[in-house]
Every structure is written in structure tokens, then in C-alpha cells.
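Here's a quick walk through a protein model, feature by feature. Have the viewer open and follow along.

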Amino acid sequence: MSRTRKLAALPCGRRGKWVVLALWLVLLVALGPLAGKLMGAEDNQASSWLPGSAESTQVLQEQRAFQPVDTAQAVVVYQRAGGITPADRAEAARDAVDFASVPHVAGPVVGPAVSADGQAMQTIVPIDVGSNGWNDLKPAVDTLRATAAANAQGMTTHVTGPGGVAADQAKAFAGIDSSLLAATVGVVVVLLLLTYRSPVLWTLPLLSAAGALTVAEAFIYLLAKHAGLTVNAQSAGILIVLVLGAGTDYALLLTARYREELRRHEDRHEAMAFALHRAGPAVLASSATVVASMLCLLIAEMNSTRGLGPVLAIGVVVALAAMLTLLPALLVIVGRWVFWPVRPAYGTPEPTRTGRWARVGARIAHRPRAVWVGTALALAACCAGLVSLNATGISTAGSFTGTPDSVVGQQVLEQHFPGGTGAPLTIVSTAGGAPAVHSAARSTAGVAAASPPVVHDGRALFQVTLTDPPDSRAAKDTVDRVRGAVHAVPAADAKVGGSTAVVLDAGRAAAADNRAIIPLVLGVVLLILAVLLRAITAPLVLIATVVLSYAAALGISAFFFAHVFHFQGQDQAFPLFVFVFLVALGIDYNIFLMTRVREESVRHGTRLGALTGLSATGGVITSAGLILASTFAVLGTLPLVAFAEIGFAVALGVLLDTLVVRSVLVTALTMDLDRHMWWPGRLSRPTAVGGPPPSGQPSSGQP
């Protein structure tokens with residue numbers, strides 16, 4: 001027995017299976033309590049999302065010298081269509097006194113101030129963000145809303161501003177772990193039942209994936225707590241989807257190969273060892289592709305994107321470990337009966353040889369070139385929807401799928417006050433240069449007002465209110481003008497931050513990340529494929545098909561976002577996230593297919609190998625694609641446009657990859673290119689086909 005066969009047999013040996021099970025039980029008992037603490041270790045402060053070197057991030061850091069705690073301004077808005085009355089002013093003044101005693105309110109409460117048209121008032125309440133990020137904002141804002149509404153006497157009241165918006169975002173993320181987990185598990189259970197058509201078998205992949213998620217969350221918690229790993233609500237939410245989705249994919253591939261080998265081996269331990277030996281390289285390569293792609297995010301400028309990479313990479317590694325150790329051990333322990341009512345008895349024929357995908361492959365084989373050309377043209381036509389892509393950022397109003405109170409309040413605020421009220425720019429400079437910086441900023445077009453400078457330890461800070469809404473294009477242009485004006489003041493070392501500057505800097509960093517990371521991911525994936533398939537042509541073809549699939553998915557998604565869902569636009573990081581997920585996960589299915597095609601091509605030639613590979617893997621890959629697409633679609637249950645868009649686009653891309661690109665386009669290309677698909681490897685030579693199976697093993701295509 002070869003060394004790799006011996007290694008593959010360890011998790012499923014007669015004694016090894018019990019050792020593996022015991023080790024996983026110890027891990028789960030020891031680490032389970034830590035997994036539940038992950039949400040408490042999340043860092044949702046602004047600095048955990050922003051580019052570390054951005055000017056707005058530097059301003060946030062300097063602000064701490066003037067203000068010992070990080071604050072977010074909540075703006076309480078009162079409106080009466082007939083005009084604010086003296087009684088309304090008195091009531092708002094009493095509310096302002098009450099606001100000061102609300103937990104987490106830090107600093108003086110400013111207001112109420114009446115609008116120029118006399119129909120609205122605003123009170124600005126600074127809330128301590130603290131180390132818990134937006135988690136402390138929600139209860140404070142809830143109290144502000146209840147207090148303002150209690151004695152409104154006919155006025156409408158809202159809480160908006162950066163604090164109100166962040167609190168509504170926190171509400172949207174509240175329970176993300178439990179709600180996403182419940183929805184994802186529900187989807188996986190239903191699809192596994194449909195796939196296996198067994199009332200019992202689905203429990204083993206699900207238990208293995210759940211165990212992997214628990215261990216991964218525990219490891220990530222320890223790294224966040226003791227090694228400085230940044231985890232936020234975004235990465236924690238996507239972790240759940242990716243571990244359950246990718247883990248189930250690996251489980252499906254391994255279980256399908258195990259069931260196939262049970263028909264060829266009387267001993268189930270030997271059947272699992274052979275299944276691990278044959279399917280293991282594909283699963284390893286697939287996970288290596290995902291992990292490498294995620295680690296490419298480490299070069300990102302955006303802290304949130306950079307932190308996402310290692311979090312998801314850890315999740316995939318643990319999922320891989322579970323599916324190559326825990327799942328095989330469980331399957332061997334329970335025996336063949338777990339496949340009931342269709343038990344794969346020894347010596348029975350493999351049903352995939354004459355199944356649906358065998359018939360699809362036979363049709364493709366008649367005219368493979370016409371099939372792949374027609375399919376490629378159809379996908380290229382879908383790319384036309386890219387003209388609707390608007391990945392320039394999402395405004396506050398456009399970031400929610402519904403209309404929370406903060407969005408309504410912002411609209412009221414813009415009707416009666418300068419657009420930038422409640423979300424001013426913050427400018428810091430040297431104390432000596434403060435007068436000139438203040439004058440330069442105040443005289444810039446688009447600036448409505450500027451507060452007097454506050455001086456501390458040789459530095460000065462003041463705030464600037466803009467005339468335009470803080471998330472508008474006009475406000476971002478004003479930030480550039482203000483920066484140009486204050487940077488020109490000699491020896492002032494002036495920097496401009498604030499919410500609008502944060503959005504502007506984040507967008508530019510995301511665009512830079514797109515340019516840097518997308519080519520890097522393509523290069524890494526190409527290298528992995530070249531090593532796995534021992535060829536150059538095949539990796540280039542597979543990369544080209546996945547990129548085409550990505551562009552088509554993006555085009556279709558952009559059309560739906562603009563013309564069906566009527567979303568305002570896409571986040572700047574949207575193309576990158578969709579690309580990384582689709583390339584890393586889309587390549588999975590090509591790896592599953594092409595490793596089997598290569599295995600069969602050694603014995604039967606490439607054209608027959610492609611047909612056999614599609615027949616053998618078609619059903620399991622389709623099931624895996626449906627499960628992964630469905631798990632990402634669960635992201636659409638969150639009331640946030642950015643998550644809904646990522647979930648929709650990735651789910652659509654996975655379905656395209658599974659049902660069209662892998663099954664039709666790649667199969668047809670492989671048949672058309674024939675042995676040249678493996679150039680310059682040994683299989684590209686005319687004499688390379690038909691040798692004996694390696695290590696004296698029986699052909700995997702024969703019972």
C-alpha cells in the first residue's frame with residue numbers, strides 16, 4: 001500500500017475511526033463554550049472597517065486627544081407641519097435634559113435648535129461608542145427615540161445622524177449568528193434530504209459541518225482575543241455561510257465517492273480508504289484554492305476586507321479537516337445502512353453510468369465545438385448587463401432594504417436644515433495654523449458653517465457643516481475641495497475626517513483593492529490548477545471559463561438590481577467580494593470534475609474521460625452547487641442591501657458555474673481540445689493513454 005493510501009486510511013481504520021471521533025468530541029467539549037463568545041469579541045468600531053492609512057482614520061485617532069471616548073452623534077429631529085410652537089420648544093428642551101442622563105451618552109447635548117422655516121427642531125446627542133462599537137449605540141438610541149416620542153404632543157420624532165444610522169445597522173445585524181445559522185441549516189437539511197433521499201444520511205454531513213463551524217469560531221475567538229485578529233459582524237456572518245456551504249460541498253463529493261466504492265469493495269473501511277485516496281486530492285486542491293484566495297485579501301487597504309481573509313481561511317481549513325477526518329469516521333462507524341433505502345451493496349452497478357449526466361455528456365459529444373461556442377456566446381451576452389453596474393457606493397437611504405427610522409429622520413433633516421447637519425467634517429491641524437485652516441475651510445464652496453477651533457497640546461480641532469447631504473456626491477466633492485484648501489496652509493499639518501470623508505476614503509481604498517487583489521487571486525488559482533492538473537492548457541481554459549461566468553453573473557445581477565429590485569447601487573467592494581467567492585468556489589466544481597476527468601483519461605483517453613467524469617460527478621456537483629447557492633442566498637434575509645446583493649450575485653454565479661459552465665462549457669471544451677487539454681503534460685502525448693492503473697488498483701470506472 002502506498003504512503004498516500006496509508007495516510008488516507010487513518011481516519012477510517014478499524015481503530016482509527018474511534019480515535020478520530022474521540023478527538024473531535026474532546027475538541028467540541030473544550031472549544032464549544034469559546035465559540036459562543038465570538039460575537040463579544042467583534043470589533044465594529046469605525047477604525048476596524050476603514051483603511052488604516054487613510055486621512056479620515058488618522059483624524060479618528062487624533063480626535064481621542066480632544067475627546068477621551070469615541071462618540072457618534074445622534075440627531076433627534078422634531079417636526080410639526082404647522083410650525084413649531086413654544087410648547088414644542090419647551091418639551092424638546094426637557095427632552096434634552098433627559099437625554100443627558102441616558103446610559104452611554106457622553107459630552108454635552110446641543111439643542112434644541114429650530115430650523116429657519118420654523119417647522120422642525122434638532123437636538124444633537126453624542127453617544128459613547130466605546131469598545132463594543134455599535135452594540136452600545138442601539139440601546140442608547142432606542143431610549144432617545146422612546147423619550148422623544150413619549151410627550152411629542154402631535155410632533156413627529158426621529159433619531160438619525162451617524163449614531164442613529166449605526167444603531168439601525170446594529171439592529172439589522174442583531175442576531176445575525178442565530179438567524180443566519182438557523183436559515184442556513186434549514187436550507188442545507190432540505191437539500192441534503194432531496195439529494196440523498198435518505199432520512200438518516202443527511203445528519204452526518206450536517207453534524208460534521210456544525211462541528212467544524214463550532215471549532216472554527218472558537219479558534220477565531222482566541223485569535224481575536226489574544227493575537228489581534230480583527231473580526232466584525234460582516235466576517236462573522238459570512239463565516240457561517242461559507243463553512244456550512246463549503247463543508248457540505250466537500251461532504252457531498254466524499255460521500256458520493258464512498259458510495260461508489262462501496263459497490264466495488266466488500267469491506268467498508270477499505271472502500272472509505274480508497275474514496276479518500278481518490279477524492280482527497282480534489283478536496284484538498286479545492287480548499288487550497290479557497291484558502292489561498294481568502295489570504296490574498298491580506299494585502300487589502302480596507303481593514304474590514306483585510307480581516308475577512310484570515311477569518312474565512314480558518315473556517316475553510318477547519319471545514320476541510322472535519323470532512324476528511326470526522327465525516328469518514330462517522331460514515332464507517334454507522335455502516336452501509338445509513339444509505340437506506342438505497343443501500344450501495346457490493347457488486348451492484350453504479351447508477352451514474354447511465355444517469356441523466358451520462359445522457360447530457362453523450363449529447364455534447366456529438367458536436368462539442370458547437371456546444372462550447374454557443375454556450376460561451378450566451379454567457380458573453382449576459383455580460384451586457386454590466387452597463388447597469390453602479391459600484392460607486394450606497395447612500396444611507398439606499399443601504400437598507402426597508403426604511404428604518406434613521407433614514408426617515410435624515411430625509412426630514414435635509415428638508416429643514418443644511419444637508420450636512422449632524423454629520424460634520426472634523427478638521428485637525430497645528431494650533432498655530434488653526435486660524436488660517438479655519439478660514440480656508442470656511443470659505444470653501446459647499447461649506448455652510450464652521451465651529452470655533454478647540455486647542456489641546458499644540459493641536460487644534462474644529463468641525464465643518466456641509467450644505468449637501470453627507471453621503472451625496474456633492475458632499476464628497478466638497479471634502480476634496482476642503483482638503484485641497486487646508487493642505488495648502490503652510491506648516492499646518494491639516495487633516496480632514498468625518499463621516500463623509502470616511503465614505504470617500506473607503507471607496508477609494510476599495511477601488512485600489514479591486515485593482516490589486518483580483519489579478520493576484522487569478523494568478524494564485526492558476527498556479528494551484530497547474531500543479532494539480534500537471535498542465536498549462538487546462539488551467540488557462542478553466543480560469544477563462546470562471547472569469548466568463550463571473551462577468552455573466554455580475555451582468556445579470558446588475559440588471560436585476562437596477563431594474564427589478566430597484567437598488568440604488570452597489571458598495572465599492574461588491575465586485576471584489578463576488579469575484580473572490582465565485583472564482584474560489586467556482587473553481588471548486590471544475591477541480592472536482594477535472595481531477596476525475598484526468599483520472600479517467602489515463603485509462604480511456606480524454607474524450608471518453610470527459611464523458612465518464614461528467615457522468616460520475618454530475619449529480620454530486622449539481623447538488624453541491626444548489627446547496628452552496630442556497631446558503632449564500634440566505635444572506636438576502638438580512639435587511640441590508642450590501643449583503644442581499646452579495647448573496648444574490650454569488651448564488652447566481654454558483655448556479656451558472658454548476659449547471660452551465662462546468663457541465664456544458666468545460667465538458668465541451670475538454671472533448672474538443674481532447675489530449676491537447678493536458679499540454680504539455682504526459683497525457684497530451686498520443687501514446688500516454690491505456691496504461692495499467694497506478695499501483696495495480698482496479699480501474700475506478702469498472703465495478
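## The sheet

First, a working rule: two strands count as paired if DSSP finds at least two bridges between them. Keep in mind that this is a predicted model. With that rule in hand, four strands form an open sheet, ordered β2-β3-β1-β4, and the pairing is antiparallel. The edges are β2 (110-114) and β4 (156-160), each of which pairs on one side only. From one strand to the next, the twist averages 20°.

Zooming in on one edge, β2 is joined to strand β3 (residues 120-128) by three bridges, and the two run antiparallel. If you want a specific pair to click on, V110 has I124 in β3 as its bridge partner. There's also a helix on this sheet: α14 (residues 405-416) packs on it and touches β1 (71-79), β3 and β4. The direction of α14 makes about 105° with that of β4.

## Helix α19

How far apart are the end C-alpha atoms of helix α19? They sit 43 Å apart. The helix covers residues 574-604, and at 1.5 Å a residue its 31 residues should span 45 Å, so the two values agree.

As for surroundings, α19 is mostly covered, with 30 of its 31 residues buried. Right after the helix comes G605, which has a positive phi, near 90°.

## The cysteines

How many disulfides are there? Counting pairs of cysteine sulfur atoms within 2.5 Å, you get zero. Take C382: its closest cysteine sulfur is the one in C383, but that is 7.0 Å away, so it's too far for a bond. Seen from the other end, C383 is in no disulfide either, and the sulfur of C382 is its nearest cysteine sulfur, at 7.0 Å.

Are these two buried or partly exposed? C382 has 26% relative accessibility, so it counts as partly exposed. C383 comes in at 17%, so it counts as buried. The cut-off that matters here is 20% relative accessible area, under which a residue is called buried.

## Around T426

T426 belongs to strand β5, which covers residues 425-430. Its relative accessible area is 4%, so T426 is buried.

What does T426 touch, leaving aside its neighbours within four places in sequence? Its contacts include V59 and Q63. Also in contact with T426 are L461, F462 and Q463, along with K495, V496, G497 and G498.

Terms used
Residues numbered from 1 in each chain as written. Predicted model: local features only at pLDDT ≥ 70, side-chain atom pairs only at ≥ 80, totals over all residues. Heavy atoms only, no water. Expected span 1.5 Å × (residues − 1). Buried < 20%, exposed > 50% of the residue type's maximum accessible area, 1.4 Å probe, protein only. Contact = heavy atoms within 4.5 Å. Axes fitted to C-alpha atoms, helices over the stretch in contact; angles between N-to-C directions.
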